Each structure stands twice: as C-alpha cells, then as structure tokens.
Amino acid sequence: AGVADEYSAAEPIVLQLENEVLFSDHLEGRCNPAFSPISWTWKRGENWVFLGDNGSGKTSFMERLEARAGKSARSVSFEALERIMAEEIRQDDSNFIGRVDTGTPLYRFLGLESPHEPLPVLLADDAVFGLLDQGIRTLSTGEMRRALIYRAMLARPSVLLLDEPFDG
C-alpha cells in the first residue's frame, strides 16, 4: 500500500490544529510565540497558501503540519535541498574514481529503477526528465527544486507541503 492509502478518500479532514501555539526561532529571544493559539482545519480538496515575512513562523507552522501528518506527508524546502546537496558533497568520490563525481543519478534520486522507466504523464513533459542519467550535483537550482517536488509527488502523499518552493 502506498503512503496515500493511509487516509480514506472519504475522510473530509486532512489535518486539524486545536488551540496550538506555534513558535519561531527567528523572533527575538528564540521560542517566542509566532501565532497565539491557532485553531485551523484543512479539509480534503482544499489548497492553502501561508504568506509572511522572513521569521514570521511559516517554517515552524509547516514543520508542525508535517509532524502532525506523519508518514502521509512530504515536504519540499530550501533547507531540505541544502541538506541533500551537503550529503552529496560529503559522499564525493572524485579523488578515488579518477573523474568528477556528479552525484546520485537523477533517476535514482527520484526512486526510479532505471533512466528508461516510463514516467507518469504529469511529469513526462518536463525537460528535467531528459536529464535522468545525469548526477544531481550537475542540476541547476531550479532543476533540483523541480526534482524535489517531483520526488515528493511520486510518493503519492496525502499532504504535500512546499516551504518557499521558489527560493534560490
């Protein structure tokens, strides 16, 4: 069973917060309330956008939603991209293999068995998929962002959270 099978399609509520106080590390004095208590319900079929200045608590809010949704959620953020690329650099074998290590091939990063595996129609038209053999360290920031979003979508999550998806 896939991740999306955890929730019944008939379940009207995806996530719910009741009188929760969210905190932001970016406000003066750390752990200051970013929102004072919030009650919020996300219903199936709804899409939400949360806007705010840097340090306003958006990332804290997204982290709370992701924790609440558990295994049924996937998130994409600039911080996740930085962690992935740092790990790729840490595993760089260029000094040992006699050529530049370009990193994990995109098809493996996406969880595909081969670069020739058929792609879902939703993804097949994107030019980034002409690069499936290429190592992810050679992708542009925009290509890598799309790859992160597609990887999350291929997991078929019930909840997809995008934190500043257009940064960089």
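Which residues have the most contacts inside the largest nonpolar core?

1. **Main core.** This is a predicted model. Its largest nonpolar core has 21 residues. Those with the most contacts inside this core are Leu106, Phe109, Leu110, Phe129, Leu132, Ile136 and Met144. Three helices each supply at least two of its residues: α2 (78-90), α4 (106-109) and α6 (141-154). Of the contributors, α6 gives the most, with six residues. In soluble globular proteins, nonpolar side chains tend to be buried together.

2. **Ile136.** Leaving aside residues up to four places away in sequence, Ile136 touches Ile84, Met85 and Glu88. Its other partners are Thr102, Gly103, Thr104, Pro105, Leu106, Phe109 and Met144.

3. **Second core.** A separate core of 13 residues is also present. Among its members are Leu15, Ile38, Trp42 and Met62.

4. **Overall layout.** The chain holds six helices and four strands. Their order along the sequence is β-β-α-β-α-α-α-α-α-β. Of the 168 residues, 33% count as buried. Among contacts with a separation of 6 or more, 64% join residues 24 or more positions apart. The accessible surface comes to about 10600 Å². Carbon and sulfur atoms account for 51% of that surface.

5. **Helix α1.** This helix covers residues 58-69. Its 12 residues should span 16 Å at 1.5 Å a residue, and the end C-alpha atoms are indeed 16 Å apart. Buried here are Lys58, Phe61, Met62, Leu65 and Ala69. These residues sit on the same side of α1, because they cover an arc of only 100° around the axis. The face turned away from that buried side carries exposed Glu63 and Ala67. Met62 also belongs to the second core. Just after α1, Gly70 takes a positive phi of about 65°.

6. **Helix α2.** With 13 residues, α2 reaches 18 Å from its first C-alpha to its last. That is close to the 18 Å expected at 1.5 Å a residue. Its buried residues are Ala80, Leu81, Ile84 and Glu88. Seen down the axis, they fall within an arc of 100°, so they line one face of the helix. On the other side, Arg83, Ile89 and Arg90 are exposed.

7. **What α2 packs against.** The buried residues of α2 pack against β3 (73-77), α4 and α6. Both α4 and α6 supply at least two residues to the largest core, as does α2. Ile84 and Glu88, buried in α2, are also among the residues that Ile136 touches.

Technical notes
Residues numbered from 1 in each chain as written. Predicted model: local features only at pLDDT ≥ 70, side-chain atom pairs only at ≥ 80, totals over all residues. Heavy atoms only, no water. Core = buried A, V, L, I, M, F, W, Y, C linked by side-chain atoms within 4.5 Å. Buried < 20%, exposed > 50% of the residue type's maximum accessible area, 1.4 Å probe, protein only. Contact = heavy atoms within 4.5 Å. Areas by Shrake-Rupley, 256 points an atom, 1.4 Å probe, with all protein chains shown as cover. Expected span 1.5 Å × (residues − 1). Arc of directions from axis to C-beta.
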